[in-house]
Every structure is written in C-alpha cells, then in structure tokens.
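Trainee: I would like a close look at a single residue and then at what else the model offers around it. Please keep the terms explicit.

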Amino acid sequence: KVTGSMVAEEAGVSQPTVSRILNGRGYADDGTVERVLAAAKKLGYRVPERKIPAAPPAVKISSGMVARRANVSQSTVSLVANNSARVAEDTRQRVIFAARSLGYPLAPLSRRLLVGVIISRRRTINSYQAMTLSALKDVIYERGYRMEIICHEDIGLLNSRVVSGAVSISAAPGVNEEWRRLQNIPLVHFNNLGCRADNIYSVFNDYTVDNRMIHHYLNGLGHQRIGLLLQRNRREELRLMERTGEDFIRMLAEAGFPEPEALVSYNDGGSITERVKSLLAWKITALVVIPGDTCLAVCRELRRLRLRIPEDISVITREFSNVSEYQEPPLTALLPDYHTMADAAITLIEHFLRGKGELKDIAVPGTLIRRKSVARR
C-alpha cells in the first residue's frame, strides 16, 4: 500500500507538506505542488479531487496583527523583538509563535539580526566545519549581525529565541526533521540536502568543478590511475549535496577505467591501513584524500609502507588551514571558498526575510593550491 510518507520521500518534501497539498489545507508554490502530484501519480497514490486554493492575495503583516494573534500589546511584541528580559517566557513563546505563523519577521530596532549557527554535540568538529564556522563568524559580524551557536539536538530552544534564520554546519542526520517543527524561518545547510518546501536551502562545494579541476591537473602530469579516499561512508554521502565520490566514479568510468568503484574508498568499514593498501593494489599513482585531517593519517600510513610523497605517489587533499602547508612535503590542496559560501548563506536568509522571489541552492567552486606533494609521472 502506497502511503503519504512514500510520496513525501519520492517528492523530496515533508509528509505534512504532502498532506497540505493533497488535502487542500494551505497554499504551496507551483513547483512543490507539481513535484508532489507527479510523485503521487508515479507511485499510484490516489489523489483526492484537487482543492488546492490559489495563492492568497498579498497582505502586509503588521506587528499589530501579531499582537492580536498573541493576545498581547504591540509594545510587548516590540519587547520580544528586542529580546528584552522583561517579558515572561510563556508570553515570549506566544509572540514568537504568532509572528512565525503569520510570516512576520521579528527584528530588533537596531536591525542587528540574530543568526543561529547549528552544530552537533555528538560529533567532533572536523577541519572543514572549523573553517566554515570561522568564515560564518566573519561574515555575520561584517554584516553587523549577531550569532548564537546551538546544538541541533536543542533546535526546539529556538521557539523562545528571536532568530531571523540559521545556518547548519552539522553533518549529523535529523536536522531537517527537527527544523520542520519551526515555522517560517529559513535554514541554510553547508553541504547537506535542503528542502525548499520547508524553507531549507543548501550552500555547497561545487564538487563537479572541483573534481574536474583535480583530474585535469593530475592528468596533465601523466596520472591516469587516481584513487579517492573519503572519511564519509556511502550512506552519509546520500544526505549531502556534495556527491564527490559518486562524481569521481562517473569521471573514471568516462575515462574508460573498467572498475571505477574500486578506486573510491568510502569509510564503510576497515582501518586506514586496510583502505590505503586496497587502493594501492590497483597501482594508483595519485591519491585524493578528503577531508584534510584524514589526510594526515593517510600520509603517515604511506610513509609506514615506505612510499615517498611525491616520488612514489602524489597526494592531494582538502585544505586544512595552518596544517596542510606545514606538512613534509607541503600538501597540494583544494581550498573551498569558505567566505563566499558563508556570504551566500547569510544572503539567502536576508532574501527570505525580504521576500525576494524563489530562492535556490548555491554551488561554490574552490581553488587548487599547488604545493610539493604532486610530481610528474
């Protein structure tokens, strides 16, 4: 039996969104409606007679309307918007809920918006996330805004905080599901999949451009058998916008390599030693390792196997600031454009608040820093 949750998964939206669309309980944009209806038709799900209302006429939502919805005075709405400690907690939550349900952006008089930055308390922050966090901090304060770090396990606390939106650097699953319980505030992921129907967007590394940049560079130096070792497993990659492994396999297949999957090592089990030896068995001459901190362990393993970098094998990694350049030899690395990605994430939040048309996910290419860990074959 086909269920609404199966339709939601096929359409890439939440189950409540499917219910709203198929039962005509609220407005949804045309693109989302079409995706849900196409998914329902493909799966053979019986769709009730369409009752989807036309988009409601534009109505300017005011603080007075929020006050009436929350059953408080306009001055109380202003106090909540400015995060005043003079407001009781239940009143604060009532005002925030009313504002979000009406789509009214609460903002302090100073216009210093508060942006949430979501991490996971269950996982160690890796080099990529640390550099992302640093770039976000710079961009948020360049804009004159404020930021508040919160663990994704505690997203519910945002029901009592006047945040204008949030950026997630957490790679842990479950962030989207938690976010769907909030209303009318945007979330921007770094690399994880978004869902525009739920106001969730993604800024990610343009992995197709980055992979081709690396292959073009290595091919030009005579390398044809190029291996890839990833810290993530296959299941984790399916949750990402950045499908580096999948794209790497496709490129190797296009180049005519008979078993491209053999040259991509996901972290699906086995030690670093076992994974490196497995790739070396295919006589690779170059190895790409992501992320940068994993590359340190791989380089140590290559030296233990008495392989010289780059004389015996060339190595490229993702830039680990203040670390990659001080290895012996200094590591050639792909540097993601962290500042541009952070800037794009905050701009998406601003455009959402200002109602600036349809928002889209954004891919940002990186830059290859050539050092001494790659040699001509």
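Trainee: In which helix is Glu89 found?

Mentor: Glu89 is found in helix α6, residues 89-102; helices here are DSSP runs of H or I, at least four residues, numbered from the N terminus. The model is predicted, so local features need pLDDT of at least 70 and side-chain atom pairs pLDDT 80 or more, while totals for chains, interfaces and linings use all residues. Residue numbers start from 1 along each chain as its sequence is written, and side-chain values use heavy atoms, without hydrogens or water.

Glu89 counts as partly exposed because its relative accessibility is 41%, between buried (under 20%) and exposed (over 50%), with a 1.4 Å probe and protein chains only. From Glu89 to Met147 there are 58 residues in sequence and 21 Å in space, C-alpha to C-alpha.

Helix α7 covers residues 127-142. Its 16 residues should span 22 Å at 1.5 Å a residue, and the end C-alpha atoms are 23 Å apart, which agrees; the expected span is 1.5 Å times one less than the number of residues. Buried residues in α7 include Ser127, Tyr128, Met131, Leu133, Leu136, Val139 and Ile140. Just after α7, Gly144 has a positive phi of about 80°.

Elsewhere, the largest cavity (points on a 1 Å grid over the protein atoms alone where a 1.4 Å probe fits but cannot get out) has lining residues, those with an atom within 4 Å of a point. Among them are Asn205, Tyr207, Asp210, Glu242, Arg318 and Leu334. Helix α9, residues 207-220, gives the most to this lining, with 4 residues.

How values were computed: On a 1 Å grid over the protein atoms alone, a cavity is a set of points where a 1.4 Å probe fits but cannot get out, and a pocket is an open set with protein on both sides within 12 Å along at least five of seven lines; lining residues have an atom within 4 Å of a point. Helices (H or I, at least four residues) and strands (E, at least two) are DSSP runs, numbered from the N terminus.
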